[in-house]
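Trainee: I've got a model open and I'd like to talk it through with you. Can we start with the charged pairs and work outward from there?

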Protein chains: 2
Amino acid sequence: MGENDDSEIIEHHVDEAMEKKASHRSHTHSFLESVTSSEREGHSSTQSSHRLLAYSDALISIIATVMILPVAHTKLEESEDLSESFRLLMTTKIGVYLMTFLIVTVAWAAHIRLFQVIERIDDFLALLNLACMMLITFLPYTFTLMAAFPEKILGILLFCTCVMVIGVIQAVIVIYGFSRPFLLNEQIQISENQAYYKQHILKVIMRVPIMCLIASIFTFIFYQLAYVILAIVIFLPYITQSLKWCRSKAIGQPVEDTPESMLFYTYHPNEPLSKERVEAFSDGVYAIVATLLILDICEDNVPDPSVVQSEFGGSLVAALRQYGPEFLAYFGSFATVGLLWFVHHSLFLHVTRTTRLMGLFNTFSLAFVGGLPLAYELTHEFPRRSRNALEAVQISCVILFFAGIFQLAIWVAALFDERRLLHPLVRYGGRDHVYMLAKLGLYPAVALGAFFLTCVLGEFSTSIFHLMQLGVPLAFLLLRLLVRAGLALLRVLLVALRKQPQPGAQEGGGGGVEARLVEVEDEDSRVPFSDLVS
Amino acid sequence: MGENDDSEIIEHHVDEAMEKKASHRSHTHSFLESVTSSEREGHSSTQSSHRLLAYSDALISIIATVMILPVAHTKLEESEDLSESFRLLMTTKIGVYLMTFLIVTVAWAAHIRLFQVIERIDDFLALLNLACMMLITFLPYTFTLMAAFPEKILGILLFCTCVMVIGVIQAVIVIYGFSRPFLLNEQIQISENQAYYKQHILKVIMRVPIMCLIASIFTFIFYQLAYVILAIVIFLPYITQSLKWCRSKAIGQPVEDTPESMLFYTYHPNEPLSKERVEAFSDGVYAIVATLLILDICEDNVPDPSVVQSEFGGSLVAALRQYGPEFLAYFGSFATVGLLWFVHHSLFLHVTRTTRLMGLFNTFSLAFVGGLPLAYELTHEFPRRSRNALEAVQISCVILFFAGIFQLAIWVAALFDERRLLHPLVRYGGRDHVYMLAKLGLYPAVALGAFFLTCVLGEFSTSIFHLMQLGVPLAFLLLRLLVRAGLALLRVLLVALRKQPQPGAQEGGGGGVEARLVEVEDEDSRVPFSDLVS
């Protein structure tokens, strides 16, 4: 690569001429952007890592959500009691799904760390990354084996082998990157401590495969210990840092940190996290989850022509009517997941940078989103007014509530450091602060409201659920108007009373429950009101 | 939105202060970028459409590939003859898959057109787009119904209804966009012909739903005609334009075009196509296809503990051995799809902008990529040296060949207008021209070679296939070296002979077959050689 120095100058001239031409001829903004960026990147054999990371995010998001399929495909017997069969599901398949989701997102976080250090790639790194991806996509299977055969050592051995190979590949990537410093992050490129950085990063990366090696040796001696070691390896950095952070928040005195110069691999909750990749990963998960049900519908819900002829007298409409609930579940879950994506999208438009803690809340939210299609399918599977139908609706509400509340948690976490993390519009007192609160609060509030309503009016649980499915998209369409109306009403009330505002009136979406929610967020929401009033 | 003019000025000050702070504190390049861009976008309630489009691309790519699942899940009976059952598959499920892929990509192309006109969005447009996506994801099901019950009118009626509603939503988006010109493409914003643009675009968009309305009326009278009308609606613009283009290329005389001022909705093969969206869509398809097999493996290939105990004497390894072929197929297809993605990624790094024609070739390539996992699964399903195994290997080679050759076609199409479409490095005579040719040519050449080898050495078809699976990733790792060695060898030969170079020696990857390929590309490859020699 060093031998082409002179040819690059010539190329640069050509580039400039072409860039001028391009800016002259380019029709739309995005074309110009794509041209100039690829002009910049294409000089030598190094490339921007952007698309490689987008592809990796797509792969990882698919793998993270795939273990919900075995859960969704477990058919309940008509005669079974939902709570009983659900407990059975709960203990095995849902557990596997959640653990896989967590482990895959841990691998994803490691991948982000790595490519925040290595910012440019070449063909060799791209191929190494693909090998790494292949092993990551295999992790869920090893995990399924572990869950199905906890006392056999094969599952844990396979898992350890995968993790070790991934670790070695990552170490090779780091060593290769540091041997070609133009691939590195600018901060490290100009740093004088390059050797120290390299050593620190390699130490952190190699910690995991070495522990896995120890764990895989222990499997032959005393396999329970191997599980313990693995759990420690994966979660220890997060647990210690969370404890440290909680302590520092509680006592108020700052904990001594890694030196300011060390920005990577700190495992600090404030450690930066590429916002672009959080968005790409979330998009992947939302897209897969939104389409989960249509995948099943396309495959399973096409009646056999002979059956239509014999059982339904040739009437296709009659034959399809039996699948009605599934179609309803599809449209319902697509709309819900789509609207949750919409809320996520609105929030991240106003987030200027992400931290590890926000990423963690995002992961929790996504894990619940993954369960939504399953829950929605359940709600349509039982005869109306049965106890099962009631429980299915309540489970859906609980999942929806947690999916929404963790989205809200992302925002709340960002508000603690709003100057650094949030756009002025949605900070305390910003113009769209209340609007954002309404957007983020709508789903948790409605889900909580529906849950308690079904507790009281158990017989109408399905109707309440359908009402919610119809009402929420409408509420989103009119949300800005509702928030404005609420604020105007509040202002009128304030002028009339000249007293402390009553926060219950502002939301308009979910009635009484929202009032509770607003009380929690009270210190957030009061500032803009006084701003508006004064 | 208009009432906040004065508050925006204040915000802008805050923004600037924050931007300075951000650039001071931001650690990595990407954070700075994300901050500044979201600063720019977040001002009012309008937003950049970037993430909305990425999410739409993810949804559409999933839906486009999902119909391969029914094909993949059709299990062959051991006793059946592959060619017989494959013919059965061919006529129905593969047909449905290919048609769905085509129709969904047509819908995707319409979506791209729309959002090349509307460049910024607000909440209302985001929600409308989600509604549109919900209907697009439902299209494959209506298509399955049509294929299963061609003489029932329900399928075609549902399809027409979906298309009509999508058309109406798109029209609403256009009308809404033109009523708020700051949402529009800059080109149109500054144009004096805005009304003309609006009229033209609405006319093009509404053509489809109106034709569908006519088709759905005809279903009640004479349903065959409805299919004809639909086929015309969807493909006519492309067919007429392709014919026009071919004629102009054949005769050499330019065809009179739509006026230069009209840049959108021309259906011309040179009409620009957002490169970013082609990449996002391709990434989605490659990611889904790469993980298709692991989805099945995670769900189906976990043996039941009781079966392991009773049939395999408690040995999990023995129980898993029966699934061996499936794991092999998974790793093989993941590696192949990953490497095809790698080639695609390398190509698009050097493509500065995309045209409709390139997009079409890309779609064809992706449609074949979707069939790869299925083909790879087949290769491991039959006893070695059987006729079925031979045919399965040959089918895999054919699919692989077409997937690769259409990627090559993208590049060849770009070479016809290389000054506008390609980076200087990969043009005729560019430094990486031969390297790119080798990358793009490797898979088609190897597939063709393997195909003819299996014709001659039918007994060793499985071994040849395994050799190919192992050899190709290795070839990619060493490709730059191989190309350099080939070129050096060529130079030596040239110096020794002082004659016309023999193009057969340069590739090194696939032996004799590549020589044929190079002969086709001869005028491309000869330029850099003479450059290098002189």
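Trainee: Which residue forms a salt bridge with A:Asp432?

Mentor: Keep in mind that this is a predicted model. A:Asp432 sits in the loop between helix 17 (418-421) and helix 18 (433-456) of chain A, and its partner is in helix 20 (residues 479-497) of chain A, 48 residues apart. The closest N and O atoms of the pair are 4.0 Å apart, and the partner is A:Arg480.

Trainee: Of those two, A:Asp432 first: is it buried or exposed?

Mentor: Buried means under 20% relative accessible area. A:Asp432 has 6% relative accessibility, so it counts as buried.

Trainee: And A:Arg480, what class does that one fall in?

Mentor: The range between 20% and 50% is the in-between class. A:Arg480 has a relative accessible area of 23%, so the class is partly exposed.

Trainee: Now for a pair across chains. Which residue meets A:Asp283 in a salt bridge?

Mentor: Side chains of opposite charge can pair when their charged atoms come close. Here the distance is 2.9 Å, N to O, and the residue that meets A:Asp283 is B:Arg51.

Trainee: Why does that pair join two chains?

Mentor: Look at where each partner lives. A:Asp283 is in helix 11 (residues 275-300) of chain A, while B:Arg51 is in helix 3 (residues 50-66) of chain B, so the salt bridge joins two chains.

Trainee: What is the relative accessible area of B:Arg51?

Mentor: Start with its partner: A:Asp283 counts as buried at 6% relative accessibility. B:Arg51 is buried too, and its relative accessible area is 6%.

Trainee: Which residue of chain A touches B:Arg51 along with B:Gln47, B:Leu52 and B:Ile121?

Mentor: Go to helix 14 (residues 324-349) of chain A, where the residue you want lies. It is buried, with a relative accessible area of 2%. Not counting residues up to four places away in sequence, the one touching B:Gln47, B:Arg51, B:Leu52 and B:Ile121 is A:His345.

Trainee: Back to salt bridges, this time inside chain B. How is B:Arg420 classed, buried or exposed?

Mentor: B:Arg420 forms a salt bridge with B:Asp417, with the closest N and O atoms 2.9 Å apart. B:Asp417 is partly exposed at a relative accessible area of 28%. B:Arg420 has 16% relative accessibility, so it counts as buried.

Trainee: How many salt bridges does the structure hold over all chains?

Mentor: The pairs we went through include A:Asp432 with A:Arg480 and B:Asp417 with B:Arg420. Over all chains, the number of salt bridges is 12.

Trainee: Let's zoom out to the domains of chain A. Which salt bridge has A:Asp57 in it?

Mentor: The domain assignment gives domain 1 (41-268) and domain 2 (273-496) of chain A. Across their interface the rule finds 1 salt bridge. The closest N and O atoms are 2.8 Å apart, and the partner of A:Asp57 is A:Arg277.

Trainee: Which helix gives the most to the side of domain 1 of chain A that touches domain 2 of chain A?

Mentor: Helix 3 (50-66), helix 4 (68-72) and helix 5 (82-117) of chain A each supply at least two residues of that side. With 15 residues, the one giving the most is helix 5 of chain A.

Trainee: About how much area is buried between domain 1 and domain 2 of chain A?

Mentor: On the contact side, 35 residues of domain 1 of chain A are in contact with 31 residues of domain 2 of chain A. Carbon and sulfur atoms give 66% of the area buried between the two, and that area is about 2800 Å².

Trainee: Last stop, helix 19 of chain B. Which residues is B:Ser461 in contact with?

Mentor: B:Ser461 is found in helix 19 (residues 461-477) of chain B, and it is buried, with a relative accessible area of 0%. Leaving aside neighbours within four places in sequence, its contacts are B:Ala389, B:Leu390, B:Val393 and B:Thr454.

Trainee: How far apart in space are B:Phe465 and B:Leu390?

Mentor: B:Phe465 is placed in helix 19 of chain B and is buried, with a relative accessible area of 2%. Beyond four places in sequence, its contacts are B:Tyr376, B:Thr379, B:Val393 and B:Ser396. B:Phe465 and B:Leu390 are 75 residues apart in sequence, and C-alpha to C-alpha the distance is 9.8 Å.

Methods. Residues numbered from 1 in each chain as written. Chains lettered and ligands numbered in written order. Predicted model: local features only at pLDDT ≥ 70, side-chain atom pairs only at ≥ 80, totals over all residues. Heavy atoms only, no water. Domains from an automatic or database assignment. Contact = heavy atoms within 4.5 Å. Buried area = accessible area lost by both parts, 1.4 Å probe. Salt bridge = Lys/Arg side-chain N within 4 Å of Asp/Glu carboxyl O. Helix = DSSP H or I, 4+ residues; strand = E, 2+ residues; numbered from the N terminus. Buried < 20%, exposed > 50% of the residue type's maximum accessible area, 1.4 Å probe, protein only.
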